[in-house]
Amino acid sequence: MPHTITVLPGDGIGPEVMDVALEVLDAVSTRFDFEISSSTHLVGGAALDATNNETPLPRETIEASEKADAILFGSVGGPKWENLAPEIQPERGALLPLRKHFGLFANLRPGSCLPALTHASPVKNELIPNGFDVLCVRELTGGIYFGEPKGREDRNDEPVAFDTMVYKKSEIENILHVAFKAAMGRDKRLTSVDKANVLATSVLWRETANEVAVQYPEVTMDHLYVDNAAMQLVKRPDSLDVLVTENLFGDILSDEMAMISGSLGMLPSASLGEAKNNGLYFGMYEPSGGSAPDIAGQGIANPIAQVLSVSMMLRYSLGETAAADAIDAAVQATIDSGLRTGDLFTGAEGETKINTAEMGAAILKNLSYAP
Ligand code: IPM
Ligand code: MG
């Protein structure tokens with residue numbers, strides 16, 4: 001049986017980096033002998049353009065994805081669509097509904113900095129001599145993003161706007177189990193991030209985290225308030241292993257993690273639903289960075305985040321672990337050889353500046369030597 005995926009390149013640099021990612025996927029499928037059946041669909045601004053601004057998420061895109069094992073997503077959004085009604089803008093009209101529709105409550109965002117790239121990190125190099133490797137596990141379908149009531153009205157002749165942060169205990173339990181399991185496969189350290197000194201949702205979060213922790217005696221858990229977590233990330237990122245937190249905090253901390261990694265162009269992400277009986281997940285895989293409209297169309301974007309999104313997809317949704325390992329090793333070897341797209345290039349000795357297609361070619365070449 002072939003693996004079935006939908007490919008949603010979207011906007012900005014999405015289509016350019018997706019081309020590279022699909023070449024890499026094709027190469028590993030040949031080498032590791034599995035078949036991929038993929039179909040490409042419209043999403044975001046590209047869908048708005050094609051439907052005369054009717055929708056950024058056509059029915060057909062959802063239906064095809066419902067039949068697939070995974071969604072490989074590029075990025076959506078850009079200045080062209082920023083003035084449309086909020087509900088049809090690419091982010092709110094496509095990305096959030098996709099997450100909700102497919103129940104993708106667990107967002108895994110690795111934020112690592114390879115030892116070879118510490119000089120690209122804004123964190124002082126003496127603080128991270130060996131780089132760092134943190135995994136942010138963000139709750140993705142609850143909290144203030146989706147809580148009701150949400151809206152705007154006039155009260156005493158003044159506009160008032162409101163959002164609701166709400167969590168059910170079961171939602172907190174679900175994401176904590178994902179985080180504890182991830183920690184079990186890593187360094188067995190978990191930091192739960194909340195604002196329990198102020199927010200009722202966080203008090204429930206902390207209580208629930210302490211309860212779930214009992215089921216994972218091997219994992220050492222601690223708690224940080226979110227403001228302190230933001231500080232620790234720039235002060236001692238190499239002392240953190242797995243972070244778990246609610247939707248909005250995770251949004252903010254994961255951007256901070258991306259920044260300290262040196263480049264947004266390196267980081268993939270996975271958004272997963274419930275585990276299936278075979279231990280795999282339906283998931284959506286996308287770069288942590290956005291559509292980067294400022295460099296779109298120039299062929300200079302870093303394709304690594306999209307390539308590593310393929311690797312996460314192979315691991316979590318398709319069960320092709322050897323192929324995922326090979327991609328990770330090929331990316332590492334490519335970086336070790338000094339090749340850098342513009343986002344990573346510092347002019348240091350041993351670095352060579354290359355474009356998107358050249359980075360793709362280098363990864364493909366390293367793939368044939370990878371273990
Ligand atoms: C992200 C993005 C989205 C979010 C936006 C585009 C809605 O910032 O994936 O982190 O806030 O979740
Ligand atoms: Mg974000």
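User: Happy to be looking at this with you! How far does a polar side-chain atom of Y145 lie from an oxygen atom of ligand 1?

Analyst: Glad to help, and please keep in mind that this is a predicted model. A pair of N or O atoms counts as a polar contact within 3.5 Å. The polar side-chain atom of Y145 falls inside that limit, and its distance from an oxygen atom of ligand 1 is 2.5 Å.

User: How much of ligand 1 does the protein bury?

Analyst: Taken alone, ligand 1 exposes 320 Å². The share of that area buried by the protein is 72%.

User: Which residues are around ligand 1, and how do they divide into nonpolar, polar and charged?

Analyst: The shell consists of E91, L95, R99, R109, R138, Y145 and D251. Two of its residues are nonpolar and none is polar. That leaves the charged group, which numbers five.

User: What is the distance from ligand 1 to the side chains of R109 and R138?

Analyst: For R109, an N or O atom of the side chain is 2.8 Å from an oxygen atom of ligand 1. For R138, a polar side-chain atom also pairs with an oxygen atom of the ligand, and the distance is 2.8 Å.

User: Which helix gives the most residues to the shell around ligand 1?

Analyst: The helix in question spans residues 90-101 and supplies three residues. The top contributor to the shell is therefore helix α4.

User: Why is α1 oblique to α9?

Analyst: Helix α1 covers residues 14-31 and helix α9 covers residues 304-316; their axes are 8 Å apart, at an angle of about 40°. Angles of 65 to 115 degrees count as roughly perpendicular and those under 35 as roughly parallel, so an angle between those ranges makes the pair oblique. The crossing of α1 and α9 is right-handed.

User: At what angle do α10 and α11 cross, and what is the handedness?

Analyst: Helix α10 (residues 321-336) and helix α11 (residues 356-367) have axes that come within 8 Å. They cross at roughly 120°, which makes α10 oblique to α11. As for handedness, the crossing is right-handed.

User: Where is the cis peptide bond that involves P149?

Analyst: Most peptide bonds are trans. Here omega is about 0°, and P149 sits in the loop between β5 and β6. The cis bond joins E148 and P149.

User: What is the phi of D33, and where is this residue?

Analyst: D33 is found in the loop between α1 and β2. Although D33 is not a glycine, its phi is positive, at about 60°.

Notes: Residues numbered from 1 in each chain as written. Chains lettered and ligands numbered in written order. Predicted model: local features only at pLDDT ≥ 70, side-chain atom pairs only at ≥ 80, totals over all residues. Heavy atoms only, no water. Near = heavy atom within 4 Å. Polar contact = N/O pair within 3.5 Å; in protein donor to acceptor, adjacent residues only side chain to side chain. Areas by Shrake-Rupley, 256 points an atom, 1.4 Å probe, with all protein chains shown as cover. Helix = DSSP H or I, 4+ residues; strand = E, 2+ residues; numbered from the N terminus. Nonpolar A, V, L, I, M, F, W, Y, C, P; charged D, E, K, R; others polar. Axes fitted to C-alpha atoms, helices over the stretch in contact; angles between N-to-C directions. Parallel < 35°, antiparallel > 145°, perpendicular 65-115°, else oblique. Left-handed = near helix turned anticlockwise from the far one by under 90°.
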